[in-house]
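Me: I'm new to this structure and would love a close look at one part of it, the aromatic rings that sit together. Could you set the scene with the whole chain and then walk me through them?

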Amino acid sequence: MIEQALLDQTRVLSDRLIALQTPIRILDAINWDRKTKEEFFRQKAQKNPAIDQSYYAQRDLGFNPAELRQAFSDLQRDIVRQLGQLSPITQFMSKMCREYRDVIRMLEARGTPDFHNLSVELFGHPRDVFHAGEPSLSELAVMLQQPLANLLGADVLPEESRDIPAAEAVEKLKKQLDVSMAGVGVQVMISDGIVSDAAAGSDRIKLNQDVMFSQRELDILEAHEGWVHVGTTQNGLAQPYLTCLSKGTPSATVTQEGLAVLTEIITLKSTPRRLSKLVNRILAVTQAIDGAEFVDVYRHCLELGMSEDESYTLAQRVFRGSTPTGLPFTKDLAYIKGFVLVYNLIRVAIQLGRIDRLHLLLVGKLSIDEFRLVSELHDLGVITSPQFVPPHFKDLRGLATWLSFGRFIGNLSFDQLENDYRPLFI
């Protein structure tokens, strides 16, 4: 066990890290304003939006980049000096300091090629592979695209009607969360400043005031934004010493989004259209890397059957922080990339008989490569077990059985199965 004096010092350093991170708001710093969208459609969607480096230069980051980078460097030195270079606490917090310095550099580079390069370092590239010889992220997306297109094209699984206005959706989602996250006190509110349909904060979920929702979408938001994003934030804040687990670095964001997507799927809340949306994000990022401009991505989205508004939103997600003719922001790889990483972690835990460790995914915001470190810190008493645990993690027997059987089925040849069963559907 670690001496109490060192634990107390850990809390002080962790709180310093949270304070330094507070003004960093990646999406606020790179999202385009409403006027940009209005002007794009006023031009009949024929011209790229007028976004360049000067556009971002006019938007204050809310902090002095050089001073904040130096403050993270000073904090990292204090962590090493006070806790020891070989301490697992030092390893964990030092990695966070390094990532936040890279985030600051990325935001400084808005509107330049370096923005994309730093984005790739933090979130990855669509042609990354998990292991040598395996499909890349973009290839996995293409592999998923065809069966999803078959399901959506057959129209045998129609989407629920989006007939719930944002104001009503706020009330409905709040009631659901009051039951499934009793005692957490999650707030739900309307916002006019987000690009996506919804976004989560530390204790709240914001719904886009211009969007209509279906009940299925509210169920997905309950699991994705509520159980995972708000839940892990609150678990991080409840940590006695490493309160910085409440803040997500880019590598932690990948795990967070992967865990959230996995949660949607294993609780049977997700839909083919929802998964198709995540796949299209990877393909759009890949298009931009291959030279497509904003209008090219926008038009391709229209060809896929998206509405004008959906097409603009997806194209904006790809090019925010960059320029309409530049290379993309790669954060949207996080959903499928994170899903693969989390899914494989759970499979290996089951294979090794260590399913008892899986609740540590919920102690706060962490990356997969930090899981061993988090396990060690939990055993040392530095990290406590999560206070909020979503329903599907409270009893892991069903999840373990499902994944174990999935491993067995996965060893069967799908090509042969298709040959055997195809005549039954023709």
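Reply: Of the 426 residues in the protein chain, 50% are buried. Please keep in mind that this is a predicted model. A little more background will help before we zoom in. The chain's secondary structure consists of 19 helices and 3 strands. Its radius of gyration is 22 Å, close to the 22 Å that the globule rule gives for 426 residues, so the chain is as compact as a globular protein of that length. Along the principal axes, the C-alpha atoms fill a box of roughly 70 × 55 × 50 Å. If you count contacts with a separation of 6 or more, 75% of those in the chain are between residues 24 or more positions apart. On the outside, the chain exposes about 20,100 Å², and carbon and sulfur atoms supply 53% of that area. Its side chains include 46 positive and 54 negative ones, and the centres of these two sets lie 3 Å apart.

Now to the part you asked about. Searching the whole structure turns up 14 aromatic pairs. Let's begin with Phe40 and Tyr298: their ring centres are 5.1 Å apart and their planes meet at 80°, and since an angle over 60 degrees counts as edge-to-face, that is the label this pair receives. Where do Phe40 and Tyr298 lie along the chain? Phe40 belongs to helix 3 (residues 34-42) and Tyr298 to helix 13 (residues 294-303), so the pair ties together parts that are 258 residues apart in sequence. Are these two residues buried or exposed? Buried means under 20% relative accessible area; Phe40, at 2% relative accessibility, therefore counts as buried, and Tyr298 is buried too, with a relative accessible area of 2%.

A second pair is made by Phe294 and Tyr312. Here the ring centres lie 5.5 Å apart with the planes at 65°, so this pair is edge-to-face as well. Phe294 is in helix 13 and Tyr312 in helix 14 (residues 308-319); the two residues are 18 apart, and their pair links distant parts of the chain. Both Phe294 and Tyr312 are buried.

Finally, you can put the two pairs into one picture. Phe40, Tyr298, Phe294 and Tyr312 are among the members of one aromatic cluster, which also includes Trp32, Phe41 and Phe319. To find your way around it in the 3D view, you could start at Phe40 in helix 3, go across to Tyr298 in helix 13, and then follow the pair from Phe294 in helix 13 to Tyr312 in helix 14.

Definitions and conventions:
Residues are numbered from 1 along each chain as its sequence is written. Side-chain values use heavy atoms; hydrogens and water are left out. Helices (H or I, at least four residues) and strands (E, at least two) are DSSP runs, numbered from the N terminus. The radius of gyration is taken over C-alpha atoms; the globule rule is 2.2 Å times the number of residues to the power 0.38. Buried means under 20% relative accessible area, exposed over 50%, partly exposed in between (1.4 Å probe, protein chains only). Contact means heavy atoms within 4.5 Å. Accessible areas come from the Shrake-Rupley method with a 1.4 Å probe; for residues, only the protein chains shown count as cover. Lys and Arg count as positive and Asp and Glu as negative; His and the chain ends are not counted. The place of a charge is taken as NZ of Lys, CZ of Arg, CG of Asp or CD of Glu. Rings of Phe, Tyr and Trp (its six-membered ring) pair if their centres lie within 6.5 Å; planes under 30 degrees apart count as stacked, over 60 as edge-to-face and the rest as tilted.
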